[in-house]
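Trainee: Could you take me through one part of this model up close? I'd like to see how a pair of helices sit against each other.

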Amino acid sequence: MDIAAELRTFVPRTAGFCFAYWALRQAAYYGSFLASARDNKEGGLDARMKGLIKAPKRLFLASRFGAFVHAVVSTAVCARVARAVLPAMRATGRVTRVPIAYDLPRVPEWDWVLERAIRYVVHDLRYCAAYEPDPMFVAHHVGYLLGTTPLRFAERGWMLIVLATVLAESTNPLQLVWQSARECGRKDVYELLSLPFTVAFVAARVVCMTLYIADVGVYVFVDAAGPTRWPMAWTWLAFVFGWAASMLWTQQLVLGYVKFRSKRSLRAGSSPKAE
């Protein structure tokens, strides 16, 4: 592989994707002034938020809008790619009997799919480091870059990222609306979305992603052969660390929802009955 030639394509194209996401966030930020004037009072759109979030609420919402667009586009694009490519990944004789071979050779015309994801994560990591330095969030972004970037240049295995993206991003639009409602004090929307988001997240990240990572692990370490499997093995390890972090966050999510329901039930039980 000619690394210099690869970088001549990779760097400008990924930089272009990064600029596009930055421009989208800036458009959402400045465009919001057309609907709402500057408000620096406590709790206002331009006041700094509390806790780990150091951004003004307006910038936070603009960032979440960009993330929402990224999640929708990523899910749609990767689902389309998977639909087009999966027939070429059919395999027989696997240990798990799942008829998919994950080491599909690289297809240059699909390189942009991974490049777009890489540059969005770089863009969002810069935002997180400046305004939302949540250690778990930052670690997730760094782990994603370490796991994804090698497969952009590897001979095989790029579809690992495409399939994982469908599972990981499919719940993000709902999560972003739910989180934004929580941080912005829209308790009615937050409570309305808590149950469907919790169920969807558990289904996608706990059930489906666990089965996917387990099957990829069996394929990489048992079914696959030769040196081309090692970049996939590296990415699989990154998957495992990301999955472990998701399990911790899922535990907090589920326990938080159970606690919320318990408090709601207690309030309902203690309220005076109408005569």
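Mentor: Take helix H2, residues 57-85, and helix H5, residues 159-169. Keep in mind that this is a predicted model. The axes of H2 and H5 come within 8 Å and cross at roughly 135°. That angle is over 115 but not over 145 degrees, so H2 and H5 count as oblique to each other. As for handedness, H2 passes H5 in a left-handed crossing.

Now for who touches whom. On the H2 side, the contact is made by His70, Ala71, Ser74, Thr75, Cys78, Ala79, Val81, Ala82 and Val85. H5 answers with Met159, Val162, Leu163, Thr165, Val166 and Glu169. Sort those residues by class and you get 10 nonpolar, 4 polar and 1 charged.

Stay on H5 for a second. This helix is mostly covered, with 10 of its 11 residues buried. Among the buried ones are Met159, Val162, Leu163, Thr165 and Glu169, and those five also take part in the contact with H2.

Then slide along H2 to Ser63, another residue of that helix. Ser63 has a relative accessibility of 5%, and buried means under 20%, so Ser63 counts as buried. Leaving aside residues up to four places away in sequence, Ser63 touches Arg25, Asp124 and Tyr127. Look at Tyr127 in particular: Ser63 and Tyr127 are 64 residues apart in sequence, yet their C-alpha atoms are 8.3 Å apart in space.

Methods. Residues are numbered from 1 along each chain as its sequence is written. This is a predicted model: local features need pLDDT of at least 70, side-chain atom pairs count only at pLDDT 80 or more; totals for chains, interfaces and linings use all residues. Side-chain values use heavy atoms; hydrogens and water are left out. Helices (H or I, at least four residues) and strands (E, at least two) are DSSP runs, numbered from the N terminus. Buried means under 20% relative accessible area, exposed over 50%, partly exposed in between (1.4 Å probe, protein chains only). Contact means heavy atoms within 4.5 Å. Axes are lines fitted to C-alpha atoms, for helices over the stretch in contact, and angles run from 0 to 180 degrees between N-to-C directions. Angles under 35 degrees count as roughly parallel, over 145 as roughly antiparallel, 65 to 115 as roughly perpendicular and the rest as oblique. A crossing is left-handed if the near helix is turned anticlockwise from the far one by less than a right angle, and right-handed if clockwise. Ala, Val, Leu, Ile, Met, Phe, Trp, Tyr, Cys and Pro count as nonpolar, Asp, Glu, Lys and Arg as charged, and the others, Gly among them, as polar.
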